[in-house]
Amino acid sequence: MKDNLTGQRFGRLVVQEPGISSHSGQRWTCLCDCGQTCMPFGFGLKNGTTKSCGCYSDEVRRRPKTHGGTHLPEYKIWEAMFQRCTNRKHTSYKNYGAKGVTICARWQNFAAFFEDMGPRPSHKHSIDRKDSTLGYSKENCVGYTQRTEQSYKSQCFSDVQRKNTNSSAVGRRARLTARATT
Ligand SMILES: [Zn+2]
């Protein structure tokens, strides 16, 4: 054993005793500040990649700081919600901002939004409002609901159609229907 790490602290971990040793390296039994024990590799401790039993990164995921969290998938949802409601150039603005869909004062802050909504279960989930005529707020948002394949496709389709055709959309749909029935 090259160096004995017993008793040393690495971030939240205090090394208790040598753990399993294999061809991949020496592991060390560590006690984390949160009370969990774990057995990370010595090189991970020494080069600074292992600083906790995993609880630290879990906390970061769950609780973004006020000015952080931009890497989270929920941040994209929050940002998209803002774009739809405030950016006149956004393709969906006419269905949201232009119709008076607003974002409550509290949710102007991403951290507050994340605290209320929590993590999104999967990328197929989107934020849903109880009453679609009202704005985005904790009271009006049920949480994340899973988009069905159908609704997701039709949403994409109508977005594309809106972008390409605008006023001729009705005519095109009529033509498509006519073609389908002949
Ligand atoms: Zn821990």
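Start with the sheet of this predicted model: select the four strands, which form an open sheet in the order β1-β2-β3-β4 with antiparallel pairing. Look next at its edges, where β1 (9–10) and β4 (37–38) each have a single partner strand, so one side of each is left without a neighbour in the sheet.

Now select residues 13–22 and 25–32. These are strands β2 and β3, paired in the antiparallel sense over 7 bridges. To see one bridge, show Glu17 and its partner in β3, Thr29.

Move on to helix α3, residues 73–86. Its 14 residues should span 20 Å at 1.5 Å a residue, and the end C-alpha atoms are 20 Å apart, so the two values agree. Within α3, colour Ile77, Trp78, Met81, Arg84 and Cys85, which are buried. Turn the view to look down the axis: these buried residues of α3 fall within an arc of 125 degrees, so they line one face of the helix. Add α4 (110–117) and β5 (125–129), which are among the elements covering the buried residues of α3.

Which residues make up the largest nonpolar core? Select Ile77, Trp78, Met81, Cys85, Tyr96, Val101, Trp107, Phe110, Phe113, Phe114, Tyr136 and Cys141, 12 residues in total. Helices α3 and α4 each supply at least two residues of this core, and α3 gives the most, with 4 residues. Zoom in on Trp78, which touches Phe110 and Phe113, leaving aside residues up to four places away in sequence.

Last, select Leu5, Val15, Cys30 and Leu45. They are among the 7 residues of another core, which lies apart from the largest one.

Terms used: Residues numbered from 1 in each chain as written. Predicted model: local features only at pLDDT ≥ 70, side-chain atom pairs only at ≥ 80, totals over all residues. Expected span 1.5 Å × (residues − 1). Buried ≥ 20, exposed ≤ 12 C-beta atoms within 10 Å, placed from the backbone. Arc of directions from axis to C-beta. Contact = placed C-beta atoms within 7 Å. Pairing = 2+ DSSP bridges. Core = buried A, V, L, I, M, F, W, Y, C linked by C-beta atoms within 7 Å.
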